[in-house]
Amino acid sequence: MESGETNLSAAQPQPHARPLRLGVMGGTFDPIHHGHLVAASEVASVFDLDEVVFVPTGEPWHKSAREVSPPEHRYLMTVIATASNPRFTVSRVDIDRPGPTYTIDTLRDLRAARPEAELFFITGADAMAQILSWKDIQELWSLAHFVGVTRPGHVLENMGRDDVSLLEVPAMAISSTDCRERVADGEPVWYLVPDGVVQYIAKHGLYEAELRHAQQSPAPTQEPVA
């Protein structure tokens, strides 16, 4: 460039980069399975997410419903399952926080840690159906856009909100409950959960003592309001 010339390209205002779009997939992950991974991948594609952070529950508020595997086992299985996808990460935020885990606390902590990010909370159809009774619901709406993943044929309304989206994911027919029961019955879970997780379950003897009888009282189906 000769002296006195103006670099017009440098002088032009540069467009602002869009906010980081962060998916948040919370769950007990006991164990994590391909349904979780396919759902996260589909939502990431449809909503152009930069990252999906998996957040294993620390102490489930509904823990009395059944025996839950120790948090470290569930955390490590999630790390193993997500390791091959550079867009997936795992957070210990719920595991390291004392007391029962509530979605509002998860989102508050992630918002504080990633204030620049636009949050997309990914949850299953059954949870989405109960969301209006969750703790601190109005604040939940303000913290994230909610994406409900449903299995094909499952009818679910978006509650008339623009900040709630629904997405069909065929792999959501897989469930952690079925995986645990298969292990307890000595049946294979290959191709239902990632290979590394199958090996982890066998190595640590997880789910071999899964209770086979129903609880006397029904398990809670939603987060308590208070």
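**Exercise 1.** Determine which elements the buried residues of H8 pack against.

*Solution.* The model is predicted; local features require pLDDT (the predictor's confidence in each residue, from 0 to 100) of at least 70, side-chain atom pairs count only at pLDDT 80 or more, and totals for chains, interfaces and linings use all residues. Residues are numbered from 1 along each chain as its sequence is written, and side-chain values use heavy atoms, with hydrogens and water left out.

Step 1. Helices are DSSP runs of H or I with at least four residues, strands are E runs of at least two, and both are numbered from the N terminus. Buried means under 20% relative accessible area, exposed over 50%, and partly exposed in between (1.4 Å probe, protein chains only).

Step 2. Within H8 (residues 176-184), the buried residues are Ser-176, Cys-179, Arg-180 and Val-183. They line one face of the helix, because they fall within an arc of 95 degrees down its axis (directions from the helix axis to the C-beta atoms).

Step 3. These residues pack against H2 and helix H9 (195-204), where contact means heavy atoms within 4.5 Å.

**Exercise 2.** Locate Asp-30 and characterise its environment.

*Solution.* Step 1. Asp-30 occupies the loop between strand E1 (20-27) and helix H2 (34-46).

Step 2. Asp-30 counts as buried because its relative accessibility is 1%.

Step 3. The side chains of Asp-30 and Tyr-207 are joined by a polar contact of 2.5 Å. Such a contact is a pair of N or O atoms within 3.5 Å; within protein, one must be able to donate a hydrogen and the other to accept it, and residues adjacent in sequence count only if both atoms are side-chain atoms.
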